[in-house]
Amino acid sequence: MKKFLFILVVLLLTIAAGESMAQDSLANISVEEMVGEEDMAALQEMADGDMSFHQQLKTKFVEGTAGFMSLVAIALVLGMAVCIERIIYLTLSEINAKKLLEDIEKKVEADDVEGAKTLCRNTRGPVASICYQGLMHIKDSMDTIERSVMSYGSVQTAKLEKGCSWIRLFIAIAPSLGFLGTVVGMVMAFDQIQEAGDTNATIVASGMKVALITTIFGIIVALILQLFYNFILSKIEHLTSQMEESAISLLDIISKQKSK
């Protein structure tokens, strides 16, 4: 870690020194020396090179027209908000299910069912909720307990998947808005051709640019949300399998207690 920080500091100092040298060298160049098309083009390239990625991103965002680009940005913000909420909820739902079931088994074997219920109530997550539901019907038949646990497991699974439909919606909306911007940009390009009565590339450049920028940003937003969505699905699958294993283990514990 220290080596990494040292290398990072050295790189930052090197970059700062390079930028300082570049600024000193530009300061020694007079305006007269920069006159001419080629020199002005070189100056423009240097100015573009000094733009940060954040500035370039804002420039392209404005060039894509505020209407469509704002809609794509809203889809990204709302989609990320739902993704972050789901990740936090699923992360907090994860527990050491094996340890919980071991503690439940010890209390059930000691005929301390109320203590096992209290343990489940004080433990967060769907696994503890399913175990509490099974312990609530411990005096019923095994078929009744199994149906109760499985039904409640479906309820908990639905809670885990809550909000995923919104993420899928934003994943679909983002590129669709980009494609809509593409169509509008093409229409603008043809309108400009019709007004000018010429097919010169410079005439249709602005419309084509809007079309390409909105499509690119829409696809990027969809890719970002898709990565988070797949991560959320993997956590849901892990919790679902954990719930199923815990339900089977709980039924075994209750069956052993009833057979005594």
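These legends go with close-up views of a predicted model.

**View 1. The whole chain is built from helices.**
The secondary structure comes to 10 helices and zero strands. Read along the sequence, the pattern is α-α-α-α-α-α-α-α-α-α. The chain has 260 residues, and 31% of them count as buried. Take the contacts between residues at least 6 apart in sequence: 74% of these join residues at least 24 apart. The chain exposes about 16500 Å². Carbon and sulfur atoms supply 65% of that area.

**View 2. The largest nonpolar core draws on several helices.**
This core has 46 residues. Those with the most contacts inside it are I104, V127, C131, L135, I167, L225 and I232. Which helices each supply at least two residues of this core? They are α4 (66–93), α5, α6, α7 (126–136), α8 (142–160), α9 (164–196) and α10. The largest share, 15 residues, comes from α10. In soluble globular proteins, nonpolar side chains tend to be buried together.

**View 3. L225 sits among the residues it touches.**
L225 is one of the residues with the most contacts inside the largest nonpolar core. Which residues does L225 touch, not counting those up to four places away in sequence? The list is A75, L76, G79, M80, C83, I167, F170 and I171. One of them, I167, also belongs to the group with the most contacts inside the core.

**View 4. A nonpolar patch lies on the surface.**
L212, I216, I220 and I224 form this patch. Together they have about 350 Å² of accessible area. I216 lies in helix α10, which spans residues 201–258. Is I216 buried or partly exposed? I216 counts as partly exposed because its relative accessibility is 47%.

**View 5. E85 pairs with R86.**
A search of the whole structure finds four salt bridges. One of them joins E85 and R86. Their closest N and O atoms are 2.9 Å apart. The two partners differ in how they are covered. E85 counts as partly exposed, at 39% relative accessibility. R86 is buried, with a relative accessible area of 3%. Side chains of opposite charge can pair when their charged atoms come close.

**View 6. K99 and D103 pair along helix α5.**
The side chains of K99 and D103 meet in a salt bridge, at 2.9 Å from N to O. How many residues apart are K99 and D103? They are four residues apart in helix α5 (residues 97–109), so about one helical turn separates them. K99 counts as partly exposed, at 42% relative accessibility.

**View 7. Helix α6 holds a salt bridge and several buried residues.**
E114 and K117 meet through their side chains in a salt bridge, at 3.5 Å from N to O. Both lie in helix α6 (residues 113–121). They are three residues apart, about one turn of the helix. Is K117 buried or exposed? K117 is buried, because its relative accessible area is 11%, under the 20% cut-off. The buried residues of α6 are G115, A116, K117 and C120. What covers them includes α5 and α7.

**View 8. The cysteines form no disulfides.**
A disulfide is a covalent bond between the sulfur atoms of two cysteines. Here the count comes to zero disulfides. C131 is in no disulfide; its nearest cysteine sulfur, that of C120, is 5.0 Å away. C131 is buried, with a relative accessible area of 0%. Why does C164 have no bond to C83? The sulfur of C164 is 8.5 Å from the sulfur of C83, its closest cysteine sulfur, and that is too far for a bond. C164 is buried too, with a relative accessible area of 3%.

**View 9. H137 lies in the loop between α7 and α8.**
This loop residue is partly exposed, with a relative accessible area of 24%. H137 touches I145 and S148, not counting residues up to four places away in sequence. H137 and V149 are 12 residues apart along the chain. Their C-alpha atoms are separated by 9.3 Å.

Notes. Residues numbered from 1 in each chain as written. Predicted model: local features only at pLDDT ≥ 70, side-chain atom pairs only at ≥ 80, totals over all residues. Heavy atoms only, no water. Buried < 20%, exposed > 50% of the residue type's maximum accessible area, 1.4 Å probe, protein only. Patch = residues over 30% accessible without salt bridge, like charges linked within 9 Å, V, L, I, M, F, W, Y side chains within 5 Å. Areas by Shrake-Rupley, 256 points an atom, 1.4 Å probe, with all protein chains shown as cover. Core = buried A, V, L, I, M, F, W, Y, C linked by side-chain atoms within 4.5 Å. Contact = heavy atoms within 4.5 Å. Disulfide = S-S within 2.5 Å.
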